[in-house]
Amino acid sequence: MEQQVANQLQELDALPQPLGDYKPVDQWQAHINALFYGLRGNQQRSFYQTFATADYRLAHALAADYYDKVIAREKNLNATKAEGKAEVQPQPDMRPSLTVMEWSPGNGAMAASFLSHLKQLDEGGTVYPRVRYVMVDAWQEALDCARTHPDLAEHLGHIEVVCADVQHLDMIGDGTVDRIICNELWNELPTKLLAKKGAEYEEEYLRPNLSERKAASIQDWSGFIKAFDSGDIEGLKRYPAFLDDLVWEREYRKVEWKDVPFRKTITDFLKRIDDEVLVPVNVGACKSIKEAKRILAPGAVGFSSFDAGTADMDVLNDPEKPCYGQFGGLYSFMVNLALLEAIAKHLGIAAVSVETQREFIGNRLGTNVMTLMDLLACHSLAGSKAASWELDRLTIRTIRALNETYESPYQRKLEFPLRQDMPQEERDAMQGTLLSLKPNGVPDTIAYLTEDELAQAEPALEALGYEREAIMMSLGAPPSPVEYHHFRFRA
């Protein structure tokens, strides 16, 4: 049941006074993530970014999917009315509005690309004018940031914001939403780590400590503890940054089931797992599915979540699987998609599908796709003992090679901070390359690339040492044990 947290546990006698008591993982996760967004929310991209932070292809795939489904639904409705000799569909300006809701809108890029592409597809003006795009986030600062995305300027008349936790959307009426998009949020929602042990069930408890070095730098220890415990963001800003210096102790206790929703479904699921194998139980995601089902309208296009996880029981039964990780203080859990399918069925949701995110985007675009990171992994340098700055240099040169033929419909500046250990001569050269990159080129290191774009850039890529066979194998490679997936259902 041993799991690596984020920092290696130091010898207990070297630990300073703990920052708090032992609590279930999900409780400390919620507390620490709240501190992260309060202290580092405006620096999130320095630690963690999503597939929609700068790239547009996920949003375009969602827009095309939504447009097609709305048009098909309304054609079917018209046909039904015609057969019944009822009045034909009213004029576009009399049709009901379409509420599209995005949970955790990030920097607003997803909303901007979705609405821009939907508007372009909707040549007849039958869908886009009716869309009411509602961005939902638990942090008002995040919503304020998302609304200021420059590409959203032309769509602000369609934008609304709701500051709320997606586990509790009491302010949203039943059956009022047509489409919900949840992008890389489930992994941040409260998650327990549970294991079966004979006839009993245990969960992981954590206790936070501060590293000895960092604790010594804090003069007012009692004031710091008080601010930490209460989540006083303004108070914590007066102290040295500490999120990277947390050290965790862990132990295992019997599950307090009164705090766990869907007990029967979860225990039935855990019976399929070997004894003492920890499994992520994404309780926040479970609650969000229940809320999504409630607010989706009858006949709605439905719900889509994109996140890193697995539905493979063999992977979930592996005691060495990576249950969670830490990014600058933000705790992110693997999403147990197999359990979430069971929860959806428990809630009476029959139409559930799970596919890789790459499959979803490729199917909508009608081609194979891979990310820039996938491409970089094809290069021989990626598996070598090369210095980190050499890999950065390869990344920049690869982007320049792709940009000879790659054309984005948006102008988004690539953000690529250079490492301090890069030799000055190389640093100057790479800085010059970055400044010369065109604004409508590859926007991000995790941007999606199509098979055609890779083929067009093949000569330039080969000049950098890439091999066509390796790229083609990667394009057709099966998904990794833990992969980004698209979890979809209709109410």
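These legends walk through several close-up views of a predicted model.

**Figure 1. The whole chain, before we zoom in.** Let us start with an overview. The chain has 491 residues, of which 53% count as buried. Its secondary structure comes to 19 helices and 17 strands. The radius of gyration is 24 Å, close to the 23 Å that the globule rule gives for 491 residues, so the chain is as compact as a globular protein of that length. Measuring tapes aside, the C-alpha trace spans about 80 × 60 × 45 Å along its principal axes. Counting contacts with a separation of 6 or more, 84% come from residues 24 or more positions apart. The chain exposes about 22,300 Å², and carbon and sulfur atoms supply 48% of that area.

**Figure 2. Trp186 and the largest nonpolar core.** Here we move to the inside of the model. In soluble globular proteins, nonpolar side chains tend to be buried together. The largest nonpolar core in this chain contains 53 residues. Which members touch the most others? They are Trp103 and Trp186. Take a moment to look around Trp186: leaving out residues up to four places away in sequence, Trp186 touches Ala285, Ser288, Ile289, Phe303, Ser305, Asp307, Val335, Leu337, Leu340 and Phe487. A second, separate core has 35 residues, including Met110, Leu115, Tyr128 and Ile159.

**Figure 3. Helix 12 and the glycine that follows.** Helix 12 covers residues 337–346. Two of the residues touched by Trp186, Leu337 and Leu340, are among the buried residues of helix 12. The others buried in this helix are Leu339, Ile343, Ala338 and Ala344. Just after helix 12 comes Gly348, with a positive phi of about 85 degrees.

**Figure 4. The two sides of helix 7.** Helix 7 runs through residues 221–230, and its buried residues are Gly223, Phe224, Ala227 and Phe228. Why do these buried residues line one face of the helix? Seen down the helix axis, they fall within an arc of 130 degrees, so they share one face. On the other side, Ser222, Lys226, Asp229 and Ser230 are exposed. And what covers the buried residues? The cover includes helix 1 (25–40), strand 7 (200–210) and helix 8 (233–236). Just after helix 7, Gly231 has a positive phi of about 70 degrees.

**Figure 5. Asp244 and Arg40, a link between distant parts of the chain.** The structure holds 32 salt bridges, and this view shows one of them. The side chains of Asp244 and Arg40 meet at 3.0 Å, N to O. How many residues apart are the partners? They are 204 residues apart, with Asp244 in the loop between helix 8 and strand 8 (246–254) and Arg40 in helix 1. Asp244 counts as partly exposed, at 38% relative accessibility. Arg40, by contrast, is buried, with a relative accessible area of 10%.

**Figure 6. A salt bridge within helix 3, and the network around it.** Asp65 and Lys69 both lie in helix 3 (residues 57–83), 4 residues apart, which is about one turn of the helix. They form a salt bridge whose closest N and O atoms are 2.8 Å apart. Is Asp65 buried or exposed? At 3% relative accessibility, Asp65 counts as buried. Lys69 counts as partly exposed, at 35%. Both residues also belong to a network of salt bridges that links Asp65, Asp68, Lys69, Arg179, Arg364 and Arg488.

**Figure 7. Lys197 and Glu202.** Here is another salt bridge to explore. The side chains of Lys197 and Glu202 meet with an N to O distance of 4.0 Å. Lys197 counts as partly exposed at 39% relative accessibility, whereas Glu202 is buried, with a relative accessible area of 14%.

**Figure 8. Asp392 in helix 15.** Our last stop is a single residue. Asp392 is found in helix 15, which covers residues 388–402. Why does Asp392 count as buried? Its relative accessibility is 10%, and buried means under 20%. Setting aside neighbours within four places in sequence, Asp392 is in contact with Phe416, Arg419 and Met422.

Methods
Residues numbered from 1 in each chain as written. Heavy atoms only, no water. Buried < 20%, exposed > 50% of the residue type's maximum accessible area, 1.4 Å probe, protein only. Core = buried A, V, L, I, M, F, W, Y, C linked by side-chain atoms within 4.5 Å. Contact = heavy atoms within 4.5 Å. Arc of directions from axis to C-beta. Rg over C-alpha atoms; globule rule 2.2 N^0.38 Å. Areas by Shrake-Rupley, 256 points an atom, 1.4 Å probe, with all protein chains shown as cover.
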